[in-house]
Amino acid sequence: RSWCYLRSRWSELVRSFVLALLVSALYVGLGYAYQLERDPGSQAQTRILWSLPPDNVLPNMFAEKIYLGQPLRPYLFAEWKSSDRPPLQAGVTLAQYPFWKPEHRALRYQLLAVFLQSLWAPALWLFLRMAGVRRNVIVPVLGFCVFSGFFFLNSYYVWPKLLASALFMFGISLWPVFNPDANWNLSDAILGAAAI
């Protein structure tokens with residue numbers, strides 16, 4: 001019984017990962033449907049609306065300064081301090097920096113950040129699945145969310161906000177409140193607590 005439970009749980013996680021890849025590929029494709037700027041961060045700032053502030057590249061700047069050992073005080077960039085943004089996206093970016101060539105870091109950061117921000121889609125999928133919502137209801141809900149301007153803007157112009165909400169939703173979807181009949185085990189508790 002526990003093997004079937006783990007297999008179904010892992011199959012849901014694999015489906016969710018594929019969903020995140022598809023959503024992020026869609027958003028990158030829409031973002032680069034026509035090119036306005038050569039720099040990926042500037043492309044995201046000017047692609048959707050008028051010129052947006054450089055909030056989307058601050059995690060990359062933060063990770064780069066830490067990687068290169070540069071000082072973070074008094075300001076990270078212009079009037080932004082290094083503590084002005086949640087460090088989660090910068091931390092994931094920093095973990096990837098040794099594998100990226102310096103000339104490709106801006107593009108790699110944009111692709112990674114779009115994927116991280118698109119994790120809201122599988123988190124919503126898992127949240128609704130664990131809550132017992134039927135798939136024929138989940139698919140239209142996800143469709144409306146994926147094609148809404150809110151999620152496209154916040155996933156392509158990579159403000160580091162949707163990643164935190166995705167992890168929170170993933171964490172609470174593992175709670176036994178949603179599915180009291182399931183065997184809530186230690187791995188669920190560790191994954192849920194780590195995500196939250």
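# Two phenylalanines and two helices

User: What does Phe170 touch, not counting residues up to four places away in sequence?

Analyst: Leaving those sequence neighbours aside, Phe170 touches Leu13, Ala123, Leu126, Leu191 and Ala195, where a contact means heavy atoms within 4.5 Å. The model is a predicted one, in which local features need pLDDT of at least 70 and side-chain atom pairs count only at pLDDT 80 or more, while totals for chains, interfaces and linings use all residues. Residues are numbered from 1 along each chain as its sequence is written, and side-chain values use heavy atoms, with hydrogens and water left out.

User: Why is Phe170 called buried?

Analyst: The relative accessible area of Phe170 is 17%, and buried means under 20%, with exposed over 50% and partly exposed in between (1.4 Å probe, protein chains only). Phe170 therefore counts as buried. Its place is in helix 9, helices being DSSP runs of H or I with at least four residues and strands runs of E with at least two, numbered from the N terminus.

User: How far apart are the C-alpha atoms of Phe170 and Leu126?

Analyst: Although Phe170 and Leu126 lie 44 residues apart along the chain, their C-alpha atoms are separated by 6.8 Å, and Leu126 is also one of the residues that Phe170 touches.

User: What makes helix 6 count as mostly covered?

Analyst: Of the 11 residues in helix 6, 9 are buried. These are Trp120, Ala121, Pro122, Ala123, Leu124, Trp125, Leu126, Leu128 and Met130, and two of the names in that list, Ala123 and Leu126, also appear among the contacts of Phe170. Helix 6 is followed by Gly132, whose phi is positive, near 90 degrees.

User: How do you know that the buried residues of helix 10 line one face?

Analyst: In helix 10, which covers residues 186-195, Asp188, Gly192 and Ala195 are buried. Seen down the helix axis, these buried residues fall within an arc of 65 degrees, so they line one face of helix 10, the arc being that of the directions from the axis to the C-beta atoms. The face turned away from the buried side carries the exposed residues Leu186, Ile190, Ala193 and Ala194.

User: Why does Phe152 count as buried, and which residues does Phe152 touch?

Analyst: Phe152 has a relative accessibility of 15%, and by the cut-off already given for Phe170 this residue is therefore buried. Phe152 sits in helix 8 (residues 149-156) and, apart from residues up to four places away in sequence, touches Tyr27, Leu30, Gly31, Ile48 and Tyr157. The C-alpha atoms of Phe152 and Val114, which are 38 residues apart along the chain, are separated by 9.7 Å.

User: How many helices and strands does the protein have, and what share of its residues is buried?

Analyst: The protein has 10 helices and 0 strands, and read along the sequence it follows the pattern α-α-α-α-α-α-α-α-α-α. Buried residues make up 41% of its 196 residues.

User: What share of the contacts with a separation of 6 or more comes from residues 24 or more positions apart?

Analyst: Within the protein, such residues account for 68% of the contacts with a separation of 6 or more.
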